[in-house]
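Dear colleague,

I am passing on to you a structure that you have not worked with before. Please find it below, followed by an account of what was found in it.

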Amino acid sequence: MKPKYSYDLNFVNLAIGKHEFNYQVDTSLFETQGSTDFNEVNCSVLVYLNKQERLMSFDFEIDGNIKTICDRCGEELQIDLSVENNLVVRFAEESDFTDDEVIFLKENDTSIDLGQFMYEYIIVGVPTRVVHEEGKCDPAVLRYLEEVSEEEEEKKDNELDPRWEALKKFKN
Ligand SMILES: [Zn+2]
């Protein structure tokens, strides 16, 4: 499956200096990357590129929202996102070190897929635990969860310690 929008940036014909690009990210990019974490993704991405002879610096400004599942009640939840990231691309035939912030392209590469970076930045921008604001969770689900935990408490209370059972037999 292909994303709805193309994130391939052909940089080879761009002049040295500053450039600005605008992208839309929707759920199709996430599906392409194999992620089913979010029900819906709706972000706009501004990319500021500073192109130099041997190096390109990209500043990403991601704004929008995603829809996912609340960790408390399991109902859908929308999260607003505002993420900024910088990516540095260097040209080298061989890279002798790796760095999270710097990636290497071959001298004869002509384009770069920015989609995978946008995808990563959005994933990292979402908190690990996502819940509705206090009082906004589905009340029916919360009531159910409460009942289940009460039942479990009762079950524990009713289960007798096996040592007591043994003692009772001994007494009789
Ligand atoms: Zn909730």
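**Strands 4 and 5**

Strand 4, residues 55-69, pairs with strand 5, residues 76-91, in the antiparallel sense, and 15 bridges link the two. Please note that the model is a predicted one. Two pairs of residues may help you to locate this pairing. F60 stands opposite N85 in strand 5, and I69 has E76 of strand 5 opposite. The two strands form a hairpin, with six residues between them. Within that turn, G74 has a positive phi of about 80 degrees.

**Strands 3 and 4**

Strand 4 also takes part in a pairing with strand 3, to which it runs antiparallel, with 12 bridges joining the two. Here L49 has F58 in strand 4 as its bridge partner. These strands, too, make a hairpin, with three residues between strand 3 and strand 4.

**The sheet as a whole**

Which strands make up the sheet, and in what order do they lie? There are five of them, in the order 2-3-4-5-6, and they form an open sheet. Its pairing is mixed. At the edges are strand 2 (17-26) and strand 6 (102-105), each of which pairs on one side only. On average, neighbouring strands of this sheet are turned by 25 degrees against each other, with direction ignored. As a general point, strands of a sheet pair through backbone hydrogen bonds, in either a parallel or an antiparallel manner.

**The helix across the sheet**

Helix 2, which comprises residues 115-125, lies across several of these strands. The strands concerned are strand 2, strand 3 (40-51), strand 4 and strand 5. Relative to strand 5, helix 2 runs at about 135 degrees.

**The protein overall**

The protein contains four helices and seven strands. Along the sequence, these elements follow the pattern β-β-α-β-β-β-β-β-α-α-α. Of the 172 residues in the protein, 12% are buried. Finally, consider the contacts between residues at least 6 apart in sequence: 62% of these join residues at least 24 apart.

When you view the model, I would suggest beginning with the hairpin of strand 4 and strand 5, and then turning to helix 2, which lies across both of them.

With kind regards

How values were computed:
Residues are numbered from 1 along each chain as its sequence is written. This is a predicted model: local features need pLDDT of at least 70, side-chain atom pairs count only at pLDDT 80 or more; totals for chains, interfaces and linings use all residues. Two strands pair if DSSP finds at least two bridges between them. Axes are lines fitted to C-alpha atoms, for helices over the stretch in contact, and angles run from 0 to 180 degrees between N-to-C directions. Two residues are in contact if their C-beta atoms, placed from the backbone, lie within 7 Å. A residue is buried if 20 or more other C-beta atoms lie within 10 Å of its own, exposed if 12 or fewer, and partly exposed in between; C-beta atoms are placed from the backbone.
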